[in-house]
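I opened this entry to look up how the interior is packed and which rings pair. My notes follow the order in which I checked things.

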Amino acid sequence: KGDAVKASEVLSAMAQRRLVPNQHVYGAAIHACNRSRDAARATKLLQRMSEESVTPNVVCFSSAICACAKVGDAAEAENLFTAMPVRQLQPNAFSYAAVIQAHCVSGDVRAAWQRLREMRQAQLPITAATLRPFLKLGTSQGPKVMQAIFESMLQGDLPIDEAFREGVMSVVGVEVTYGLLRRYNRIK
């Protein structure tokens with residue numbers, strides 16, 4: 001939590017000098033909270049921005065959502081994500097990836113999958129990094145869940161890299177993995 005504490009100290013020092021931090025200063029502080037896995041402090045900084053009439057941008061919200069994801073607070077991640085459009089902010093690929101991660105960490109595959117569908121409808125890039133939380137979720141939930149996740153991804157023609165494929169294999173086995181890949185014409 002060192003980065004988050006240092007960031008808070010900088011903000012306090014600014015307040016003592018009657019200086020109002022701008023969006024970039026707050027954004028750096030929220031990012032420090034994200035790196036330190038301090039979701040509570042990140043969300044408090046977002047609130048403080050509003051109180052001081054500093055408008056948070058997509059990066060500020062996304063970093064706070066990511067901090068929530070790292071600690072498994074899907075409810076707060078979802079609250080922040082849904083607050084973005086209310087503030088006329090359009091979630092980007094990073095915002096979606098963070099809320100997807102939060103739902104996967106909390107074990108809510110349906111909510112994560114719904115956000116992935118929305119991300120695709122918004123025509124945002126879906127990368128292997130976006131999908132990696134599904135691999136972690138499938139690994140923790142066992143072969144049936146992993147197979148269902150993998151099959152849904154194949155049906156949706158989502159990008160599956162070699163590392164993801166190997167992760168699936170380690171849970172459901174080589175035969176099942178390659179059987180699904182052949183069924184959805186992903187290998188010859």
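I looked first at helix H10, keeping in mind that the model is predicted. The buried residues of H10 pack against helix H8 (128–141), helix H9 (143–155) and helix H11 (174–183). H10 itself covers residues 162–172, and I listed Phe164, Gly167, Val168, Met169, Val171 and Val172 as buried there. After H10 comes Gly173, and I noted its positive phi, near 100 degrees.

Next I turned to the nonpolar core. The largest one holds 57 residues, and Leu116, Phe134 and Met153 touch the most other members. I found that helix H4 (residues 58–70) gives the most to this core, nine residues. For Leu116 I set aside neighbours within four places in sequence; the contacts left are Ile100, Ile126, Thr130, Leu131, Phe134 and Leu158.

Then I checked the rings. I count three aromatic pairs. The ring centres of Phe81 and Tyr96 lie 4.9 Å apart with planes at 70 degrees, so I entered this pair as edge-to-face. Phe81 sits in helix H5 (residues 74–86) and Tyr96 in helix H6 (residues 93–106), 15 residues apart, so the pair links distant parts of the chain. Phe81 has 4% relative accessibility and counts as buried; Tyr96, at 7%, also counts as buried.

I also looked up Phe150 and Phe164. Their ring centres are 6.4 Å apart and their planes are at 25 degrees, so I entered the pair as stacked. This pair, too, links distant parts of the chain, with Phe150 in helix H9 and Phe164 in helix H10, 14 residues apart. Both Phe150 and Phe164 are buried.

Notes:
Residues numbered from 1 in each chain as written. Predicted model: local features only at pLDDT ≥ 70, side-chain atom pairs only at ≥ 80, totals over all residues. Heavy atoms only, no water. Core = buried A, V, L, I, M, F, W, Y, C linked by side-chain atoms within 4.5 Å. Buried < 20%, exposed > 50% of the residue type's maximum accessible area, 1.4 Å probe, protein only. Helix = DSSP H or I, 4+ residues; strand = E, 2+ residues; numbered from the N terminus. Contact = heavy atoms within 4.5 Å. Phe/Tyr/Trp six-rings, centres within 6.5 Å; stacked < 30°, edge-to-face > 60°.
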